[in-house]
Amino acid sequence: MTARIEPPVSPVSKPFWDASRDQRFVLPWSTASGKAMWYPREVDPQAPDAAIEWREASGDGVVYAASVHHRPGPGRDEADGPYVVALIELAEGVRMMSNVVGCEPYDVAVGMPVRLVWEPLSDGRHLPQFTPA
Amino acid sequence: MTERTLRGAAAIVGVADIASPTGQLDQRGRALEVAMIRAALDDAGLTLDDVDGVCHAGSPTALAEFLGIQPRYVDGTVVGGSSYELHVEHAAAAIAAGLCEVVVSVYASTPRSDRRRPGGGTFGGGGPGGGRPMGPNPAVEWEIPFGLRMPMGAYALAASRHMAVYGTTAEQLAQIAVDTRAWATMNPNARFQEPITIQDVLDSPMIASPLHLLDCCLVTDGAGAFVMTSAERARDLGRPPVYVLGAATAGSHQMISQMPDLATTAGAVSGPAALRMAGVKTNDVDLLMGYDSFTITALLHLEDLGFCGKGEGGAFVEDGKLGPGGGPLAMNTNGGGLSYTHPGMYGMFLLVEAARQLRGEAGQRQIPRHDVAVAHGSGGVLSTMGTVVLGTEATL
């Protein structure tokens with residue numbers, strides 16, 4: 001059994017992972033542009049003095065692209081079977097990589113509405129996953 | 001020795017630096033780099049929006065991604081302490097040549113205060129590749145935990161998007177593998193020389209949908225080299241010169257999850273720019289050596305360089321016109337990364353085959369009309385595109 005690779009906690013993303021302990025989904029927003037940012041950055045490069053604010057997000061999104069992985073990637077096991085790696089366009093206007101779970105892999109289609117579900121990590125944090133809405 | 005032509009072509013117009021008597025700074029990593037870039041741009045009376053070239057002795061594409069800009073010039077030259085002098089030299093040449101207009105180079109390093117921070121000299125924490133001197137590696141946090149298989153997973157996502165938006169089919173992608181293999185039957189050094197069919201491609205194991213095994217490039221040993229000199233000297237040498245008629249770079253991201261549009265590469269910028277510089281139209285091109293890490297990669301090049309319209313790549317390739325005995329445009333006549341060789345950084349082989357074809361030395365696979373060739377390389381995961389237009393003496 002291949003051990004899942006759990007994401008490290010960087011100083012930049014600590015608020016995300018802290019919130020995930022309570023299964024709260026937060027995104028970083030630039031107070032200068034008024035837009036969500038993804039991935040989390042130390043600063044908004046367009047306004048490095050502006051504060052970054054972590055705000056609750058809806059967890060709603062749409063599949064932008066998806067691939068059923070038959071040959072496993074890092075931290076995955078062939079015995080677990082094919083799984084879906086997808087890019088999810090969130091309602092807040094940013095796109096993040098994740099997995100789509102809770103359905104047959106080939107039922108996942110570009111344009112499909114999805115919603116957030118949490119997968120527990122070993123240290124009390126949770127990994128964001130998506131499932132058909 | 002020809003006279004240098006860079007004199008007066010470019011100037012340093014803004015500078016910034018920072019240091020402290022304590023030997024330590026509060027900021028570090030990307031935040032420190034951004035502070036320096038902003039200060040130098042302020043000094044010059046320019047903004048980040050003016051910047052179209054990025055030099056960084058590490059990863060200029062990762063820096064550009066962080067900055068949220070899409071450069072048409074990147075220089076990752078890293079030779080130690082003199083790296084930044086080289087950046088100036090290269091940038092001057094690039095600006096003189098019209099590749100870009102505003103170039104930034106930045107350096108930030110905080111070894112003294114890093115020693116006193118928990119976790120030592122990197123920041124980003126544990127896990128493979130989790131720490132790096134310049135800050136956390138976002139891919140380790142935001143791609144790898146989802147099991148993205150690299151590199152094919154990234155290309156599979158692009159292919160899935162292209163199929164969904166434009167109706168491109170697995171059969172159309174497979175046709176690229178079939179035609180490329182047909183060329184490989186005429187290359188005695190190709191890894192695979194037996195013809196294949198569309199059905200063979202579709203029947204090969206699915207790796208990362210929608211890409212099958214035969215949609216993917218090889219993993220082989222390989223090596224190559226080229227020598228360049230001035231046009232003047234080239235005419236005195238033994239071989240027919242292959243002139244660089246045009247060249248351009250364009251980058252759009254580092255991680256596939258940050259690619260602005262997964263169905264359009266930065267080749268849509270670099271391709272037309274290189275062709276424009278060369279004074280060449282796509283229907284003047286006899287040979288496209290288009291980096292085929294995967295079938296989808298080659299299809300995207302055909303669209304983005306303008307050989308067909310956006311979204312029309314599938315229909316463009318499906319009659320097999322890019323293979324031997326096809327239409328006026330040939331593609332990947334050496335058998336490509338799909339069937340000839342792919343040692344990892346295959347771009348060298350694009351140039352070697354283009355030169356051989358233009359010299360008329362390609363043997364059994366020689367194309368009949370061979371005046372203009374395009375070598376189009378793709379770096380990263382559809383991240384950084386480099387287009388080179390090559391031509392014979394007749395095209396000057």
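The exercises below, each with a worked solution, concern a predicted model.

**Exercise 1.** Decide whether chain B is as compact as a globular protein of its length.

*Solution.* Begin with the secondary structure: chain B contains 14 helices and ten strands. Next, compare two radii. The radius of gyration of chain B is 23 Å, and the globule rule gives 21 Å for 396 residues; the two are close, so chain B is as compact as a globular protein of that length. Then look at the extent of the chain: along the principal axes, its C-alpha atoms fill a box of roughly 70 × 55 × 35 Å. Of the 396 residues in chain B, 50% are buried. Finally, consider the contacts in chain B with a separation of 6 or more: 68% of them are between residues 24 or more positions apart.

**Exercise 2.** Check the length of helix α14 of chain B against the expected span, then describe its surroundings.

*Solution.* Helix α14(B) covers residues 347-359, which is 13 residues. The expected span is 1.5 Å times one less than the number of residues. For α14(B) this should be 18 Å, and the end C-alpha atoms lie 19 Å apart, which agrees. Now list the residues of the helix that are buried: F349(B), L350(B), L351(B), E353(B), A354(B), A355(B), Q357(B) and L358(B). To read such a list, recall that an α-helix has 3.6 residues a turn, so residues three or four places apart point the same way. The cover over the buried residues of α14(B) includes three strands of chain B, β7 (287-290), β9 (372-379) and β10 (384-391). Just after the helix, G360(B) has a positive phi of about 75°.

**Exercise 3.** Work out which strands stand at the edges of the sheet β2-β1-β3 in chain A.

*Solution.* The sheet is open, has three strands in the order β2-β1-β3, and its pairing is antiparallel. In chain A, β2 (35-36) and β3 (52-56) each have a single partner strand, so these two are at the edges and one side of each lacks a neighbour in the sheet. Take one pairing in detail: β1(A), residues 26-30, is joined to β2(A) by two bridges. One bridge partner in β2(A) is K35(A), which pairs with S30(A).

**Exercise 4.** Describe the side of chain A that touches chain B.

*Solution.* First count: 40 residues of chain A are in contact with 42 residues of chain B. Then find the elements of chain A that give two or more residues to this side: β4 (60-69), β5 (83-90) and β6 (95-100). The largest share, six residues, comes from β4(A). Last, sort by class: this side of chain A has 23 nonpolar, eleven polar and six charged residues.

Conventions:
Residues are numbered from 1 along each chain as its sequence is written. Chains are lettered from A and ligands numbered from 1 in the order in which they are written. This is a predicted model: local features need pLDDT of at least 70, side-chain atom pairs count only at pLDDT 80 or more; totals for chains, interfaces and linings use all residues. Helices (H or I, at least four residues) and strands (E, at least two) are DSSP runs, numbered from the N terminus. The radius of gyration is taken over C-alpha atoms; the globule rule is 2.2 Å times the number of residues to the power 0.38. A residue is buried if 20 or more other C-beta atoms lie within 10 Å of its own, exposed if 12 or fewer, and partly exposed in between; C-beta atoms are placed from the backbone. Two residues are in contact if their C-beta atoms, placed from the backbone, lie within 7 Å. Two strands pair if DSSP finds at least two bridges between them. Ala, Val, Leu, Ile, Met, Phe, Trp, Tyr, Cys and Pro count as nonpolar, Asp, Glu, Lys and Arg as charged, and the others, Gly among them, as polar.
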